[in-house]
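Here's a quick tour for anyone meeting this structure for the first time. Have a look at the model, then read on.

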Amino acid sequence: MSGKEGFVEADNAEAIITRIEHKSRKIEALLKQSKPVEALKTALEGSPPNTRDERCKSANWIAVHRAIMAIRDLDGLFASLDPEYYDILMKYLYRGLSTGDRPTCDQCLRIHERLTERAGLGCIVRCLADTINTV
């Protein structure tokens, strides 16, 4: 088995980017309505994109990053975020930390701390061990 099964390659990347752009518009609308938790949920839905195309991953990261940076109420976030999103959120937090951008890193560390308290160390291990579903 090749490990690439189920992934969409570059020839269909434009369709994925179109879906991500639609999702980004929805996220922006939610942020304008002061609904950052809903925006983050929307950003995490369908993530990571089912492709290895870096353009798609970057476009999706931009949408997720926008939502992550808008979160202020961490209690509200974890009160309404379904546990099914914990592992994927952790992946995006590590992507944010890898940017080296101070505001992004500060926000990602704040959320990381609370996410680890909520989801446990297994969330970190699963995130780091999953080399197939990369963000």
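What follows starts with the whole chain and then visits a few spots along it.

Before anything else, keep in mind that this is a predicted model.

**The whole chain**

Let's begin with the overall make-up. The protein chain has 7 helices and 0 strands, so reading from the N terminus you simply get α-α-α-α-α-α-α. The radius of gyration is 15 Å, close to the 14 Å that the globule rule gives for 135 residues, so the chain is as compact as a globular protein of that length. Along its principal axes, the C-alpha trace spans about 40 × 35 × 30 Å.

How much of the chain is buried? Buried residues account for 41% of the 135 residues. The accessible surface of the chain is about 7400 Å², and carbon and sulfur atoms own 54% of that. As for contacts, take those between residues at least 6 apart in sequence: 73% of them join residues at least 24 apart. Charges come out even, with 20 positive and 20 negative side chains. The centres of those two sets lie 3 Å apart.

**Between α1 and α2, and on to α3**

Helix α1 covers residues 13-32, and S34 sits in the loop between α1 and α2. Most residues other than glycine have a negative phi. S34 goes the other way, with a positive phi near 60°. Is S34 buried or exposed? Its relative accessibility is 61%, so S34 counts as exposed.

Further along there is another backbone oddity. Most peptide bonds are trans, but the one from S47 to P48 is cis, with omega near -10°. P48 belongs to the loop between α2 and α3.

**Three residues in α2 and α3**

Here are three helix residues with the residues they touch, leaving out neighbours up to four places away in sequence.

| Residue | Touches |
|---|---|
| T42 | K23, K26, I27 and L30 |
| A70 | L31 and P36 |
| N60 | I20, K23, A43, S47, P49 and Y92 |

T42 is part of helix α2, residues 36-44. With 7% relative accessibility, T42 counts as buried. N60, in helix α3, has 1% relative accessibility and therefore counts as buried too. One of the residues that N60 touches is S47, the residue on the N-terminal side of that cis bond to P48.

A70 is also in α3, which runs over residues 54-70. Computed along the sequence is one thing, but what about space? A70 and K35 are 35 residues apart in sequence, and their C-alpha atoms are 9.0 Å apart. For N60 and T131, the separation is 71 residues in sequence and 18 Å in space, again C-alpha to C-alpha.

**The two sides of α7**

Finally, there's helix α7, residues 121-129. Which of its residues are buried? They are C123, I124 and C127. These three cover an arc of only 100° around the axis, which puts them on the same side of α7. On the other side, L121, V125 and A129 are exposed.

And what do the buried residues of α7 pack against? Their partners are helix α5, residues 86-98, and helix α6, residues 102-119. So α7 has one side with buried residues and another with exposed ones.

Notes: Residues numbered from 1 in each chain as written. Predicted model: local features only at pLDDT ≥ 70, side-chain atom pairs only at ≥ 80, totals over all residues. Heavy atoms only, no water. Buried < 20%, exposed > 50% of the residue type's maximum accessible area, 1.4 Å probe, protein only. Helix = DSSP H or I, 4+ residues; strand = E, 2+ residues; numbered from the N terminus. Arc of directions from axis to C-beta. Contact = heavy atoms within 4.5 Å. Rg over C-alpha atoms; globule rule 2.2 N^0.38 Å. Areas by Shrake-Rupley, 256 points an atom, 1.4 Å probe, with all protein chains shown as cover. Lys, Arg positive; Asp, Glu negative; His and termini not counted. Charge placed at Lys NZ, Arg CZ, Asp CG, Glu CD.
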